[in-house]
Amino acid sequence: MGFGARRALRFLLLPLPLLLPVPGAAGAGLAALPLVVNTWAFRKATETAWYTLQSGGSELDAVERGCSQCEIDQCDGSVGFGGSPDEHGETTLDAMIMDGDTMEVGAVADLRRIKNAIGVARKVIQHTKHTLLVGESASLFAESMGFPCEDLTTQNSLSIYLKWLNQSCQPNYWKNVIPDASKSCGPYKQAKQLNSEEWINSQKRINIHNHDTIGMIVIGGSGNVAVGTSTNGAVHKIQGRVGDSPIAGAGAYADSTTGGAAATGDGDIMMRFLPSYQAVEYMRTGTDPTTACQKVISRIQKYVPYFFGAVICANTTGSYGAACNKVPGFTQFHFMVYSPLLNQPSEQVVDCI
């Protein structure tokens, strides 16, 4: 049998897509499995995850390879090497992967010199009894697992860093320090008095191109759920900062009895509310995915009206949705979907609330 015939036979033997009616769902009256949903218009990542499933890979395989594709492509400069230098000019990576069947999580944060962060996160599940490894020790673990040690700095990230230095290190993430962080670079020391107004005003200065994490939900034909995230974090962050992406329940969350969710945006704010966990819990009570996402965003708005963020949600019937917080310059959120009802990845858009 030739290669083409074998390939055709393999696809014929794949399980038929599961089509289920979803009362009240927006758009089509049918939901379908398997399903891939990811944040932003990262189409190649969606395709990679989908074809991994179609080739017989598991949900975790699909999440890992989909997010890895974004790391390779340096999606939007906010995923993978060569982007978002910290205040010392170094690019570091955060990633997480979660199995909704076993509730196992593997995550890395402040990962240095290793390009495939989501791959290292998967190794945390496979070869340790831990959940989260951080910093230099995470990099040493990755090297012990066979990942090559590589420089994550590129000419582009160096250029971003030097331009920031020439702008007196503006903007940055310091407050209540001397010298005045809004006018000069450090080193800083703590100020004798705390200024709450400084924090309030800083919340209104939103950089909507600073936190474009890839978050991905994959639900297999049998309803098994896996999720994952990968990012290089906030540009010009204080060295050692970790955002929401590698934190289970914040960056993403999966439960194969219910569904999955993933978040993107200002991780320093969003991680305080565990939006992905909360969205899955809303869906557990019967809330549809779109409404679950909206309720999560509304909850954060009560405390931080000016935050930049969005959430994607999907349940085990194959129904999905998304929501985002409306701020100047960010009134719509784009995300990707691939299911048997679509003959190619579909870029979808929701209006922010």
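A hairpin of 3 residues links strand β11 (residues 252-255) to strand β12 (residues 259-265), the connection running from β11 to β12. The model is predicted: local features need pLDDT of at least 70, side-chain atom pairs count only at pLDDT 80 or more, and totals for chains, interfaces and linings use all residues. Residues are numbered from 1 along each chain as its sequence is written, and side-chain values use heavy atoms, without hydrogens and water.

**Strand pairing**
- β11 and β12 pair in the antiparallel sense over 4 bridges; strands are DSSP runs of E, at least two residues, numbered from the N terminus, and pairing requires at least two DSSP bridges.
- Tyr253 has Ala261 of β12 as its bridge partner.

**Side chains of β11**
- Ala252 and Ala254 point one way, Tyr253 and Asp255 the other way, and all are buried (under 20% relative accessible area, 1.4 Å probe, protein chains only).
- In a regular strand, side chains alternate between the two faces of the sheet.

**Sheet**
- The open sheet has 4 strands in the order β11-β12-β13-β14, with antiparallel pairing.
- β11 and β14 (320-324) are the edge strands, each pairing on one side only.

Methods. Buried < 20%, exposed > 50% of the residue type's maximum accessible area, 1.4 Å probe, protein only.
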